[in-house]
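User: I should like to understand how the descriptive terms applied to a structure are justified. Please take me through the reasoning.

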Amino acid sequence: MSTPLQQRLTALRASLPEGVELVAVSKFHPVEALREAYDAGQRVFGESHVQEMQEKRGQMPSDVEWHFIGHLQTNKVKYIVPYVSLIHAVDSVRLLHEIEKQAARCGRTVPCLLELHVADEATKYGFTIDEARSLLLDGTLAGLPHVKVRGLMCMATQTDNEAQIRREFAAAYALYGEVKAARFADDADFNLRSWGMSHDYRLAVEEGSNMVRVGTSIFGERTY
Ligand SMILES: *Cc1c(COP(=O)(O)O)cnc(C)c1O
């Protein structure tokens, strides 16, 4: 017997094209909900608060892949670097340097995505398209051997205007294609495009996403 949560998860997974990874965004949901998802086969979970991720990790099986999807403060990098599978929202050069330092310290190379600011909203974090292009092409990354940039992440504007959402995702996809060709053509591990949440993941997939971060459509509304 599967639970309603498991049914939503299974239906969502079945609806995604092959090659699109589902990150189950479990922030603010209790560990029981994560276990239900785990029992339905989900292994990749996304969290946006360091302490919450640490606590849940201690209570979940060890084959879970923990993705950090929120804004990461430099002083908290050290807590997650030993185990995190992917840091989605790297939004400053300073943060890249701190990840490098902590990753070197524990002998890991940490997979990261650069967060692009493509939305209309002034409050969102991330690099502009031009900043990200420079950073990816100017050689900075060569000095960060324990950071592995695997692609790009973005969030679209919170709007019902589908054309606008598509335009924002398309801008991220265009940059991805450009830097892939210019600098990462021979790097099979530069291959991730993390965009799409509950309300816009279908559009995101149509606009080139291969990693969607979905919370509400699996776990229900969050109570903060
Ligand atoms: C919370 C969050 C999500 C999931 O949002 P839903 O609308 O619940 O699917 C995805 N990405 C990021 C960065 C988030 O913070």
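**Ligand surroundings and helix packing**

Analyst: In this predicted model, the residues surrounding the ligand are Val25, Lys27, Ile69, Met153, Met155, Met197, Ser198, Arg213, Val214, Gly215, Thr216 and Arg222.

User: What makes the approach of Ser198 to the ligand a polar contact?

Analyst: A polar contact requires a pair of N or O atoms within 3.5 Å. A polar side-chain atom of Ser198 lies 2.5 Å from an oxygen atom of the ligand, so the pair satisfies that cut-off.

User: Which ligand atoms do Arg213 and Arg222 approach?

Analyst: For Arg213, a polar side-chain atom is 2.9 Å from a nitrogen atom of the ligand. For Arg222, a polar side-chain atom is 2.7 Å from an oxygen atom of the ligand.

User: Why is helix 1 called oblique to helix 2?

Analyst: Helix 1 (residues 4-15) packs against helix 2 (residues 31-39) at about 50°, and their axes are 9 Å apart. That angle makes helix 1 oblique to helix 2, because a roughly parallel pair needs an angle under 35 degrees and a roughly perpendicular pair one of 65 to 115. The crossing of these two helices is right-handed.

User: Which residues make the contact between helix 1 and helix 2?

Analyst: Helix 1 contributes Leu5, Gln6 and Leu9, while helix 2 contributes Ala33, Glu36, Ala37 and Asp39. By class, 4 of these residues are nonpolar, 1 is polar and 2 are charged.

User: Why is helix 6 described as roughly parallel to helix 7?

Analyst: The axes of helix 6 (residues 129-137) and helix 7 (residues 162-183) cross at roughly 20° and come within 11 Å. Angles under 35 degrees count as roughly parallel, and therefore helix 6 is roughly parallel to helix 7. This crossing is right-handed.

User: What classes of residue form the contact of helix 6 with helix 7?

Analyst: The contact has 9 nonpolar, no polar and 3 charged residues. Among them are Ile129 and Arg133 in helix 6, and Leu175 and Glu178 in helix 7.

Note on methods:
Residues numbered from 1 in each chain as written. Predicted model: local features only at pLDDT ≥ 70, side-chain atom pairs only at ≥ 80, totals over all residues. Heavy atoms only, no water. Axes fitted to C-alpha atoms, helices over the stretch in contact; angles between N-to-C directions. Helix = DSSP H or I, 4+ residues; strand = E, 2+ residues; numbered from the N terminus. Parallel < 35°, antiparallel > 145°, perpendicular 65-115°, else oblique. Left-handed = near helix turned anticlockwise from the far one by under 90°. Contact = heavy atoms within 4.5 Å. Nonpolar A, V, L, I, M, F, W, Y, C, P; charged D, E, K, R; others polar. Near = heavy atom within 4 Å. Polar contact = N/O pair within 3.5 Å; in protein donor to acceptor, adjacent residues only side chain to side chain.
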